[in-house]
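The following paragraphs lead the reader through a predicted model, one region at a time. Please keep the structure in view while reading.

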Amino acid sequence: MTKEEIKKELRQRLRDTYALELEDAGPVELFYSLGGLVKAVSNEKWQKTWKNYLTEGQKQVYYFSIEFLPGKLLKSNLLNLGILDEVRTTLADINVDLEELANVEKDMALGNGGLGRLASCFMDSIASCGLPGNGNGIRYDYGLFKQQFMDGYQVELPDEWLKRGNVWEIRRESKACDVHLFGNVYMKRLANGKLEPVEENQTTVRAVPYDTGMIGYQNGIVNTMRLWSVEIPVSEEAKYHNLGERRTIEDLTAVLYPDDSQESGRLVRLAQEYFFVSAGIQSIIRYYKKLNLPWHSLSEKIAIHINDTHPAMCVPELMRVLMDENGLNWEFAWDITVKVLSYTNHTIMAEALEKWPVYLMKRVVPRIYQIIEEIDRRYVMSMQGIHPQDLIQRTRLLQNDQIYMAHLAIIGSHSTNGVAKIHSDLLKTIVLHDFYVVYPERFNNKTNGIAERRWMQLANEPLSDVMDELITDSWRKAPQNLKLLMNYQNDEIALKKLREAKLVKKEELASYILETTGIQVSPNAIFDVQIKRLHAYKRQLMNLLHILKLYFDIKDNPEIDLTPRVFIFGAKAAPSYSYAKSIIKVINEAADMINNDASLQDKIKVVFLPNYNVSLAEKIIPAADVSEQISLASKEASGTSNMKLMLNGAVTIATLDGANIEIKDAVGDDNIYIFGLTEKEVYNYYENQDYSSQKIYDEDEELQRILDAFIDGTIPNIEFEGQEIYDSLLKFNDEYFLLRDFHDYARAQEQIDHDYKDAVLWQKKSLANIANAGGFSADETVKAYAEDIWQIEPIFAHTEKEGTTNG
Ligand code: GLG
């Protein structure tokens with residue numbers, strides 16, 4: 001598209017939709033007109049892509065995820081279409097700032113954290129690698145809550161992301177399908193002696209898909225992310241003349257559950273899970289039938305991925321559709337189901353492993369429950385004489401009137417993977433060891449990855465430019481090529497350029513901090529960043545303990561030689577997770593105390609930025625010097641912000657947990673700060689039951705002073721929260737071993753303080769992190785899924801070079 005064409009199109013759209021001339025249009029009208037234009041450009045490729053999949057009969061994967069967290073799409077779409085620069089300069093010609101338009105777009109925040117963001121990075125990578133793959137999820141009316149702070153407390157406001165409409169989606173009413181919930185089921189004996197399920201008194205809802213194009217990076221491929229929204233079927237309208245009753249149906253896809261580490265045992269959540277699973281499976285089977293192939297070929301054309309246990313009902317639902325709706329027998333249907341499905345586990349935290357009470361499952365999806373019972377019965381039978389009774393009992397689906405969803409996903413699929421080496425090993429050796437004994441060949445690892453396009457090309461243009469200059473722009477298509485940067489480790493000019501690029505982003509963040517919080521920070525200070533969900537195991541509290549240590553150090557010795565540091569937090573707490581909310585409150589109060597104490601001479605500042613989301617991450621990550629990855633070893637399955645921060649040249653301070661271990665292996669010991677207990681040591685404590693935080697406290701004056709600050713009035717306004725935290729660390733024996741790891745953490749922090757003073761030394765470390773981040777590209781991760789698990793191949797038929805400029 002030429003500049004003139006872009007201008008002409010924009011003018012036309014502004015007139016057609018808003019009756020405005022370009023000169024009179026505001027950012028909102030401009031955004032929607034530009035969005036429409038972008039969509040028109042990509043739609044052509046979208047159509048070609050899916051038609052091509054159909055005619056070529058390409059095997060496709062469907063990634064089922066109850067969360068997707070794409071963030072904003074305008075710039076990402078422009079970049080991937082290869083027209084970011086043209087559009088930006090064209091707009092500049094007419095005095096319009098692309099950034100201002102891009103800011104109009106609301107974050108699509110249909111996810112909580114790492115799990116949902118991973119799904120979106122995968123969507124970007126699957127399309128960019130030319131792989132035939134689609135997302136399947138829920139179109140929530142409200143995304144994850146908007147977080148504000150009032151008096152230091154988290155307040156949750158609704159996220160009305162659809163208020164102005166969503167320019168990217170296409171409502172596809174013709175692809176809608178019915179989903180049945182509730183009612184009852186019984187087995188009827190037919191004349192031929194066979195049993196047939198009869199379902200009665202069901203509630204039927206309409207699942208309407210909204211499709212969004214997932215645009216590949218300059219390769220002509222556009223895949224589909226399909227999100228389902230609930231409606232009342234026209235035929236049922238009369239039943240719902242009462243508005244309240246209407247709402248109970250419409251509420252099904254109203255809100256995203258704002259919990260990512262707790263199992264949320266509620267009826268609506270269970271109904272949500274079944275709703276998008278059933279709609280997704282039905283639409284896949286409908287598609288397959290168009291191919292006119294025999295049922296045994298299903299697994300040659302279709303792969304379905306269960307992202308965490310929320311879509312685990314894919315197992316019984318696929319069985320139901322194959323048997324009840326298409327007449328296959330159990331054995332045949334089961335064989336197909338196991339071949340088609342695969343599952344990723346994302347956590348070993350017991351409270352996050354889903355279990356549903358039998359009575360609830362029976363009530364919400366009675367036929368599905370029947371099938372689950374039968375899967376359980378057959379599983380137990382098939383294991384007799386092969387494995388010991390106790391193992392069989394531990395691995396079955398039904399235990400203590402509950403359904404273990406992870407067991408369902410493992411038994412009903414051909415592949416179970418963890419998301420980092422250590423996590424996959426823990427699954428095999430401890431958490432899912434019994435299943436590893438039963439199905440050793442099903443277990444594998446796929447370390448998470450990130451989309452460099454968003455996290456470097458879009459989020460960090462100054463750094464991207466330096467990269468182009470030093471190593472040419474080949475890294476943009478092949479992130480592995482970032483490795484070439486290693487050639488510049490001793491090049492002082494290159495190091496200086498990298499430092500200057502970092503400074504630009506730090507200045508930008510400093511302005512943002514000032515605007516949003518009123519806190520003045522110096523871009524010359526160390527920007528020390530911890531951004532992730534607020535959870536006890538992630539140990540934001542240990543970060544605060546260290547900040548308090550520094551506070552007392554400065555108080556005791558105002559002349560102390562500390563490198564100025566700004567501690568930056570971003571984190572939402574699940575609304576029902578009161579301990580996490582207390583941690584937010586104490587960090588905010590400590591921040592207030594520290595930021596307003598002139599005697600600290602700006603040596604330390606603490607900033608808790610509200611409403612951490614994808615867009616805020618894009619501001620913080622490029623500006624970070626230090627990346628805090630300090631979870632208790634064994635608890636963080638992988639982490640992905642660790643990879644994004646590394647890519648942007650932050651140096652990591654980390655425990656040997658999740659993907660931190662692989663980051664350490666990639667950058668080498670000199671370019672990361674490792675501290676703390678190892679996973680083995682943690683498990684030793686569990687086995688010997690000999691951890692005593694009280695003992696550590698009693699023998700440690702420094703820790704006494706820090707912990708006492710929570711209850712002796714040192715930190716103001718935290719009477720309740722301070723006591724709660726103090727008790728969690730002492731009375732309740734410090735579940736995540738903060739006190740045990742504290743001094744080693746402080747030691748590593750001191751080393752950072754020391755090393756940062758040597759600008760060249762620090763920049764070398766930073767460079768090594770950028771250079772080695774290519775190994776964590778989600779492109780590589782999805783290629784490994786495609787090869788090992790899904791058995792799908794890239795399509796090149798429509799690969800085309802789309803212009804030569806990058807963003
Ligand atoms: C989980 C884990 C993270 C992981 C992410 C994506 O807690 O460690 O990086 O999934 O696999 N619930 C999550 O965010």
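N136 lies in strand 4, which comprises residues 133-138. With 28 other C-beta atoms within 10 Å, N136 is well above the cut-off of 20 and therefore counts as buried. Apart from residues up to four places away in sequence, N136 touches Y62, Y63, F64, R226, F276 and G280. P294, by contrast, is 158 residues from N136 in sequence, and the two C-alpha atoms are 24 Å apart in space.

Helix 8 covers residues 267-290. Its 24 residues should span 34 Å at 1.5 Å a residue, and the C-alpha atoms at its ends are 35 Å apart, so the expected and computed values agree. After helix 8 comes N292, which has a positive phi, near 55 degrees.

Strand 11 spans residues 203-215 and contains M214. Of the 13 residues in strand 11, 10 are buried, so that the strand is mostly covered. Which strands pair with strand 11? Strand 7 (residues 169-171) runs antiparallel to strand 11 and is joined to it by three bridges; here R171 has Y210 as its bridge partner. Strand 8 (residues 177-181) is also antiparallel to strand 11, with five bridges, and C177 is the bridge partner of A207. Strand 12 (residues 222-231) is joined to strand 11 by 10 bridges, again in the antiparallel sense. In that pairing R206 stands opposite E231. Strands 11 and 12 form a hairpin with six residues between them, and Q218 in the turn has a positive phi of about 45 degrees.

M214 itself is buried, because 30 other C-beta atoms lie within 10 Å, where 20 would suffice. Beyond its neighbours within four places in sequence, M214 is in contact with M123, D124 and A127, and also with V222, N223, T224 and M225. One of these residues, T224, is 10 residues from M214 along the chain, and the C-alpha atoms of the two are separated by 5.6 Å.

A second hairpin is formed by strand 5 and strand 6, with two residues between them. D151, in the turn, has a positive phi of about 50 degrees. The two strands run antiparallel and are joined by six bridges, and G143 stands opposite D159 in strand 6.

How is the protein chain divided into domains? Domain 1 consists of 57-72 + 107-448, and domain 2 of 462-772. Taken over C-alpha atoms, the centres of the two domains are separated by 35 Å. Their contact takes 37 residues from domain 1 and 33 residues from domain 2. On the side of domain 1 that touches domain 2, the elements giving two or more residues are strand 2 (68-71), helix 6 (114-128), strand 5 (143-150), strand 6 (153-159) and helix 16 (421-431). Strand 5 gives the most, with five residues. The residues on this side of domain 1 divide into 13 nonpolar, 16 polar and eight charged.

An open sheet of three strands has the order 15-17-16, with antiparallel pairing. Strand 15 (355-357) and strand 16 (398-399) stand at its edges; each has a single partner strand, so one side of each has no neighbour in the sheet. Strand 16 is joined to strand 17 (residues 402-404) by two bridges, and L398 has I403 in strand 17 as its bridge partner.

Another open sheet has six strands in the order 22-21-20-23-24-25, and its pairing is parallel. At the edges stand strand 22 (604-608) and strand 25 (673-674), each with a single partner strand, so that one side of each is left without a neighbour in the sheet. Strand 20 (residues 526-531) pairs with strand 21 (residues 565-570) over six bridges in the parallel sense. Within this pair, V529 stands opposite I568 in strand 21.

The last site to consider is K644, which is placed in helix 24 (residues 641-647). An unreviewed UniProt entry carries the annotation "modified residue: N6-(pyridoxal phosphate)lysine" for K644. Is this lysine buried or exposed in the model? K644 is buried, because 29 other C-beta atoms lie within 10 Å and the cut-off is 20 or more. Leaving aside neighbours within four places in sequence, K644 is in contact with I450, W455 and I621.

Technical notes:
Residues numbered from 1 in each chain as written. Predicted model: local features only at pLDDT ≥ 70, side-chain atom pairs only at ≥ 80, totals over all residues. Helix = DSSP H or I, 4+ residues; strand = E, 2+ residues; numbered from the N terminus. Expected span 1.5 Å × (residues − 1). UniProt positions renumbered as here; feature names shortened; annotations may be inferred. Buried ≥ 20, exposed ≤ 12 C-beta atoms within 10 Å, placed from the backbone. Contact = placed C-beta atoms within 7 Å. Pairing = 2+ DSSP bridges. Domains from an automatic or database assignment. Nonpolar A, V, L, I, M, F, W, Y, C, P; charged D, E, K, R; others polar.
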